[in-house]
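Hi everyone, thanks for making time today. I'd like to walk you through a structure that may be new to you, so please have the sequence and the 3D view open as we go.

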Amino acid sequence: MDKSKKVYKKINKTGIVGTIITFLIFGAFSAFLLITLYLFFTTYAIESKIQGDYWQLADIADDMADDSITDTQMKERLDRMGGSYVILDGNRNIIQKKGEASFRTDDKGIINRIGTRNIKGYIDKSDSLVQRSFYGGISLSWKKLLTSNLEIPGLSDLEINLETKENDDDDEDEVGFTYNTEFQEKYNELMDERYKNDHDVGFLEVPLWLEYPVEQKDEFIVYRTVFDIKLRDADLAIEIFLLTAVFVSVVLHVLLIMGIVNFVRQRRILNMFLTDTVTGGHNWMWFLIKGEHLLKKRSVSKIPYAMVSMSMVNYRSYTLCHSVRDGERLLKKLNYSLSRELRPRELMAHAATGEFSLILRAENDDDLKQRLNTIIGKLSTIESPHVFHFHAGVNVMKPAMDENGRIHRRKNVNIEDEYNKACAAKNRLLDNDDSAVSFFDTNLVEEEKWVDTVNEKQLEALKNEEYKVYYQPKYDPRTNELKGAEALIRWESPEFGFVTPNRIIPIFEKNGFIVNIDNYMITHVARDQKMWLDKGLKCVPVSVNVSRAHFVDADLAEQIRDMVDREGAPHNLIEIELTESAFFDDKKAMITTIKKLKNYGFQVSMDDFGAGYSSLNSLKDMPLDVLKLDADFFRGENAGERGDIVVKEAIKLAKSLNMRTVAEGVEEKEQVDFLAEQGCDMIQGYYYAKPMPKTDYETRMH
């Protein structure tokens, strides 16, 4: 689950996040670049135009520090510069001035440096075009520049305004001028005159006050200089600005398009990642991610939910009889029908081949079971004339509570763990071919824990010989003489005590450890037989079960022979007992193994004859020595007149095939008398004896 979430997060973040960050960074950098270029150009243009006045002002200030030059001489030099000026003392009081002191003294100055000297400048009160840049220098306000009325020297009565006009030839608008038409002729003459000198025409005249200190006298000269902005300067500034703006605009548009393309691609990849290829709906990955997201919401913390695993019974058989394509078409129908059954805040996805996972609201167990049965009823007839069956395992998840009984969010919910519980409940229905619903409970948890414990302890128990061989005698019902026995396993665990075979054998059969148990039992029975022979006891054949899993080995007969030989027991005292279900695996290999065993001197018997897999062909083809009649013949509804007829004919058939018969599970004297009358060779059951340890069995042998 953690890996799946990491993959999901990686795909979900791919493309768009990086593009957005790049877009924002580049956009911010571009805006900064445009502003910096504009400020740098205007600052450079202004400072280059005021340098002449600045250096004159610097010379005058230096001369003022020389006592040999009179104030009158300084005043004459300042007057010759042509502009207004003010001389201030150390307290910023006016000592001398020419013209109006129209500068703003409330700011800190806007020019930091010209050449190698620092200088202060002040904006004129009558001017709104000059502004302080973000780094302390001087620049022109482009916004005020474009929105102001512009006055050209020589045409004081001519008002020029910038305006935007629509252009019919292309999609872009153009900026143009409007002016009083009565001055058309005068304007043209002035422009012709000024353009003769390489476009050197005044466009704007901007005032600025420059301050220079006279340090020896603790005084300051503040001089009003006026500089003009030429058309060629404006053209260059506009060209640089527009070219930069176009470049930035193109790059931003490319980034935006890339971002959109990556976002669309990322959404497609994510949808593919979360879409089931068979049904076209949601897949298991989507269920894991969205299920966790749903159950962890605070808004659903009080709602009981149920994790449901629903599987179609015998889906593989359906595809075998029809086709895989028909099976997939059926799954699409099931997926669509299930999705229509969902209520708000419920989820469903296709989990596996014929399996669907659901998260349903579960306020009441009975209502939920009824709802699931209703859904299964609809699904069962989804494709007439077929009638399908479904198994549903349910794991109810109550609201999470703290120690004080207060409900809180399901912070640590694990979808896979919860779903496994639903699957465990569904597995209880494996032997049922009809539709059914099973709920998970604590007993199921204990069963699973026991299975895990057996798997963990089985090798250690085998090594320590904790598995014990019990013997159940077989008697001749006519003479009550001991004729044989069956070896049965028991687990005497130091930790769990005495464990019956029904609690371990099914587990061994599923995990494959039953093969080790077979070898263990054959070895110990052969060892016991040899020990009893050495004691001078009269030994009878003992049957040992060999599981069907063992018959995958082509050399099984040789393995059994070698195990018995190592213990030194005669082959005729070991009977190999096979369950009838084993005869339906590889029949040819089974017959070959049986013949080898008989050639080696072993007896071979068929266990559980009549337990549900009976086939007369098995008796016809298999060279068996003993036929064991299943205990169900002698108990339940099958017991009685009809059952007696079947048992009677089975014994007669066995005798006709030169096979001895053993009736197991016999508990009553009437059954013993009936079997004796029919010529049954041996009886194995509680009427004579229960399975017992080998010491007790040895006593029976005496």
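Let's start at Asp 681. Is Asp 681 buried or exposed? With a relative accessibility of 16%, Asp 681 counts as buried, because the cut-off for buried is under 20%. Before going further, please keep in mind that this is a predicted model.

Which side chain does Asp 681 meet in a salt bridge? The partner is Lys 655, at 3.9 Å from N to O. Asp 681 sits in the loop between helix H19, residues 669-678, and strand E27, residues 682-684, while Lys 655 belongs to helix H18, so this pair ties together parts that lie 26 residues apart in sequence. Lys 655 itself is partly exposed, with a relative accessible area of 38%.

The general idea is a simple one: side chains of opposite charge can pair when their charged atoms come close.

How many salt bridges does a search of the whole structure find? The count is 27. I'll pick out a few of them.

Have a look at Glu 341 and Lys 378, whose side chains meet in a salt bridge at 3.1 Å, N to O. Glu 341 is in the loop between H9 and E13 and Lys 378 is in helix H10, so here the pair ties together parts 37 residues apart in sequence. Both residues can be found at the surface to some degree: Glu 341 is partly exposed at 23% relative accessible area, and Lys 378 is partly exposed at 47%.

Next, find Glu 292 and Lys 296. Their side chains form a salt bridge of 3.0 Å, N to O. Glu 292 is buried, with a relative accessible area of 10%, whereas Lys 296 counts as partly exposed at 24%.

Salt bridges can also join up into a network. Which residues are linked in this way? They are Asp 326, Arg 329, Lys 333 and Glu 383.

Now let's turn to charges that gather on the surface. On the negative side, there is a patch made of Glu 447, Glu 448, Asp 452, Glu 456 and Glu 460. If you want a landmark for that patch, Asp 452 is found in helix H12, which covers residues 442-463.

On the positive side, Arg 267, Lys 290, Lys 297 and Arg 345 form a surface patch. Where is Arg 345 found? Arg 345 is in the loop between helix H9, residues 324-340, and strand E13, residues 347-352. With a relative accessible area of 41%, Arg 345 is partly exposed. A residue needs over 30% relative accessible area to belong to a patch, so Arg 345, at 41%, passes that cut-off.

Please stay on Arg 345 for a moment, as its backbone deserves a look too. Phi of Arg 345 is near 65°, a positive value in a residue other than glycine. Asn 658 also has a positive phi without being glycine, with a value near 60°. Asn 658 is placed in the loop between helix H18, residues 641-656, and strand E26, residues 660-664. Is Asn 658 buried or exposed? At 71% relative accessibility, Asn 658 counts as exposed.

While we're on the backbone, there is a cis peptide bond to point out. Ser 384 and Pro 385 are joined by this bond, and omega is about 10°. Pro 385 lies in the loop between helix H10, residues 365-380, and strand E15, residues 390-397.

Let's move to Asn 464, in the loop between H12 and strand E19, residues 467-475. Asn 464 counts as partly exposed, at 45% relative accessibility. Asn 464 and Ser 493 are 29 residues apart along the chain, and their C-alpha atoms are separated by 10.0 Å.

Last topic: cysteines. How many disulfides does the count come to? Taking a disulfide as a pair of cysteine sulfur atoms within 2.5 Å, the count comes to zero. For two cysteines to look up, try Cys 539, which counts as buried at 14% relative accessibility, and Cys 680, which counts as buried at 0%.

To close where we began: Cys 680 counts as buried, and so does Asp 681, where this tour started. Thanks for listening, and feel free to turn the model around while we chat.

Methods
Residues numbered from 1 in each chain as written. Predicted model: local features only at pLDDT ≥ 70, side-chain atom pairs only at ≥ 80, totals over all residues. Heavy atoms only, no water. Patch = residues over 30% accessible without salt bridge, like charges linked within 9 Å, V, L, I, M, F, W, Y side chains within 5 Å. Areas by Shrake-Rupley, 256 points an atom, 1.4 Å probe, with all protein chains shown as cover. Salt bridge = Lys/Arg side-chain N within 4 Å of Asp/Glu carboxyl O. Lys, Arg positive; Asp, Glu negative; His and termini not counted. Charge placed at Lys NZ, Arg CZ, Asp CG, Glu CD. Helix = DSSP H or I, 4+ residues; strand = E, 2+ residues; numbered from the N terminus. Buried < 20%, exposed > 50% of the residue type's maximum accessible area, 1.4 Å probe, protein only.
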